[in-house]
Structure formats: C-alpha cells, structure tokens
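Reader: Got a minute to go through a model with me? Pull it up and I'll fire away.

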Amino acid sequence: MAQFTERSEHQLEIIPPFSIIQCRRADIIEKDGVEVGKTYHRHVRCPGEDVSDDCAELQACAAALWTPEVIAAYQAHVAEQEANRPGA
C-alpha cells in the first residue's frame, strides 16, 4: 500500500539595507519515499514584525539581525516614505 508523507523546507533571503527576511517554504509530498509533488509559498517579514509563528530558522535570523537600531532605522524609512507619498 502506498504511503504519502509531507514535509517542508525553508529557504531564507536577507534583503539589505534593513535585513528584511524573505522566506520561501516548499511543501513536498512524497509517495513511498519518492517526491511526487511540490508547491512553493513565499512571505516577507520586516524589522519589528512578530515572527513567533514562523519557522525556527527565521526566528533565529530575526533575533540576530533586528537590533533596536535596525528596527528604528526601518521605521524611520517607512515613515519618510509615507510622508513623501503623493497625496499624503
């Protein structure tokens, strides 16, 4: 009897200058140990965002990279972008 299993793999990319983290998750379906399907999902986390529901690898990167100074610089950048947006 065929047995299906599912596993996930994560690939992280760090985007400068504010260490924004992009995570690609691959959901892999295997039948009797042979890969028969794969889907990809991406999401982005910005400095200061809650990452408690993300994979352990992303949480560790955020903890190491997102210092209070990085978070403050990112928030200042976002505020500046909003202030310079047409119609703001």
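Author: Here is a short chat about the strands, a surface patch and the cysteines. This is a predicted model, where local features need pLDDT of at least 70 and side-chain atom pairs count only at pLDDT 80 or more, while totals for chains, interfaces and linings use all residues. Residues are numbered from 1 along each chain as its sequence is written, and side-chain values use heavy atoms, with hydrogens and water left out.

Reader: OK, how many bridges join S1 to S2?

Author: Twelve, and the two strands run antiparallel. S1 covers residues 4-15 and S2 covers residues 20-31. Strands here are DSSP runs of E, at least two residues, numbered from the N terminus, and two of them pair if DSSP finds at least two bridges between them.

Reader: And what's in the turn?

Author: Four residues separate S1 and S2 in this hairpin, and Ser19 in the turn has a positive phi of about 60°.

Reader: Switching topic: is Phe4 buried or exposed?

Author: Phe4 counts as exposed because its relative accessibility is 54%; the cut-offs are under 20% for buried and over 50% for exposed, with partly exposed in between (1.4 Å probe, protein chains only).

Reader: Cysteines, then. How many disulfides?

Author: The count is zero, taking a disulfide as a pair of cysteine sulfur atoms within 2.5 Å. For Cys23, the nearest cysteine sulfur is that of Cys55, 4.5 Å away.

Reader: Is Cys23 buried or exposed?

Author: Buried, because its relative accessibility is 1%.

Reader: What about Cys46?

Author: Cys46 is in no disulfide either, with the nearest cysteine sulfur, that of Cys23, 13 Å away. Cys46 counts as buried, at 13% relative accessibility.
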